[in-house]
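Please open the structure in your viewer and set the display so that individual side chains can be selected by number. The tour below proceeds one selection at a time.

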Amino acid sequence: MKIFDTHTHLNDPAFSGNTQQYIDNAKELDVDEMAIIGSNEEFNIEAIRLAQNYQPLHAVVGWHPEFAKEYNEEQLVNQIKLPEVVGIGEIGLDYHWEEDPEPKIQQKVLIQQLDVAQQYNMPVSIHCRDAFDDMYQILKNHDMSKSGIIMHSFNGDVEWLNKFLDLGLWISYSGVVSFKNAPEVHESAKETPLDRLLVETDAPYLTPEPYRGHTNQPAYTRYVVDAIAKYKGITPDEVAEHTFNNAHQVYNL
Ligand SMILES: [Zn+2]
């Protein structure tokens, strides 16, 4: 079995100095390849450094909505030309925490980064929290058919799933799909077609069962695969195979 963690943060200080150890841990649970996701200048630079130094890692760079005010388009355009950089992210909208920076600024910076992605045919990793309505409108008005959009850690119900599938999105599930108290996400995972499905950890966050409460790591993508297999009524091997091939397709590997 080969598993691709499409959204993880080995560039987070929680893992610093132990990159090889976490890659080895992942390999033991068949997690062979990962996309390291940036969110601001510092994390983007570290994502690129890791991808340049460790073979199974790729870099995705962009400005998370929390850092929208620091957005640097010149730097983004220069970085996405590097061979190790396979996408733009994580970018999006987050209205959960007191709406700071204000939604208008988040939307503007999201659209600017979508424009860059469109221009350079780069896929994007979308962060969306408590903002499905605005996200849907923005993505609907942006033709990303040539570049590809990943909805990272999708936690919506089947109605939202179908709306985003209609826009041609890839749907990525994190450890949340393994939580007992997430019946809507179980149902969405069951209904997501195998050819649009991706898996991720979002480590160090969102640790799946049976390790919920501990620090997450890329190896645990294996438990996301297991949970999806259970809700779809298929084998983990089938989930791994499809999601691995899908990850290669969306990131152009
Ligand atoms: Zn993330």
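## Salt bridges

Begin with Glu 46, which at 22% relative accessibility counts as partly exposed. The model is a predicted one, and residues are numbered from 1 along the chain.

Add Arg 49 to the selection. The side chains of Glu 46 and Arg 49 meet in a salt bridge, at 2.9 Å from N to O. Both residues belong to helix H2 (residues 41-53), and because they are three residues apart there, about one helical turn separates them. Arg 49 is partly exposed, with a relative accessible area of 41%.

Next, select Lys 27 and Asp 32. Their side chains form a salt bridge with an N to O distance of 2.7 Å. Which partner is buried and which is exposed? Lys 27 is exposed, at 53% relative accessibility, whereas Asp 32 is buried, with a relative accessible area of 17%. The cut-offs are under 20% for buried and over 50% for exposed.

Now select Asp 30 and Arg 222. These residues form a salt bridge in which the closest N and O atoms are 3.8 Å apart. The pair links distant parts of the chain, with the two positions 192 residues apart: Asp 30 is in the loop between helix H1 (19-28) and strand E2 (31-37), and Arg 222 is in helix H8 (residues 221-232). Asp 30 is partly exposed, with a relative accessible area of 26%. Extend the selection to Asp 226, since Asp 30, Arg 222 and Asp 226 are linked in a network of salt bridges.

How many salt bridges are there by this rule? The count comes to five. As a general matter, side chains of opposite charge can pair when their charged atoms come close.

## A negative patch and the loop after E3

Switch to a surface display and select Glu 41, Glu 42, Glu 66 and Glu 70. These residues gather in a patch of negative charge on the surface. Glu 66 is situated in the loop between strand E3 (57-61) and helix H3 (73-79). With a relative accessible area of 54%, Glu 66 is exposed.

Return to sticks and select Phe 67, which is also placed in the loop between E3 and H3. Is Phe 67 buried or exposed? Phe 67 counts as buried, at 19% relative accessibility; the value qualifies because the cut-off for buried is under 20%.

What does Phe 67 touch beyond its neighbours within four places in sequence? Phe 67 is in contact with Ser 39 and Asn 40. For a further reference point, select the C-alpha atoms of Phe 67 and Pro 101: they are 8.0 Å apart in space, while the two residues are 34 residues apart in sequence.

## A buried glutamine in H3

Move to Gln 79, which lies in helix H3. At 8% relative accessibility, Gln 79 counts as buried. Display the surroundings of this side chain: apart from neighbours within four places in sequence, Gln 79 is in contact with Asn 44, Ile 45, Ile 48, Val 61 and Val 85.

## Backbone geometry

The remaining stops concern the main chain, so a backbone display is convenient. Most residues other than glycine have a negative phi, and most peptide bonds are trans.

Select Gly 89 and Glu 90. The peptide bond from Gly 89 to Glu 90 is cis, with omega near 0°. Glu 90 is found in strand E4 (residues 85-94).

Then go to the loop between strand E8 (197-199) and H8, where Pro 204 is located. The peptide bond from Ala 203 to Pro 204 is cis, with omega near 10°.

Which phi values call for inspection in this loop? Asp 202, in the loop between E8 and H8, has a positive phi of about 60° although it is not a glycine. Asp 202 is buried, with a relative accessible area of 9%. Leu 206 also has its place in the loop between E8 and H8. The phi of Leu 206 is near 55°, again a positive value in a residue other than glycine. Leu 206 is partly exposed, at a relative accessible area of 30%.

Notes: Predicted model: local features only at pLDDT ≥ 70, side-chain atom pairs only at ≥ 80, totals over all residues. Heavy atoms only, no water. Patch = residues over 30% accessible without salt bridge, like charges linked within 9 Å, V, L, I, M, F, W, Y side chains within 5 Å. Areas by Shrake-Rupley, 256 points an atom, 1.4 Å probe, with all protein chains shown as cover. Salt bridge = Lys/Arg side-chain N within 4 Å of Asp/Glu carboxyl O. Lys, Arg positive; Asp, Glu negative; His and termini not counted. Charge placed at Lys NZ, Arg CZ, Asp CG, Glu CD. Helix = DSSP H or I, 4+ residues; strand = E, 2+ residues; numbered from the N terminus. Buried < 20%, exposed > 50% of the residue type's maximum accessible area, 1.4 Å probe, protein only. Contact = heavy atoms within 4.5 Å.
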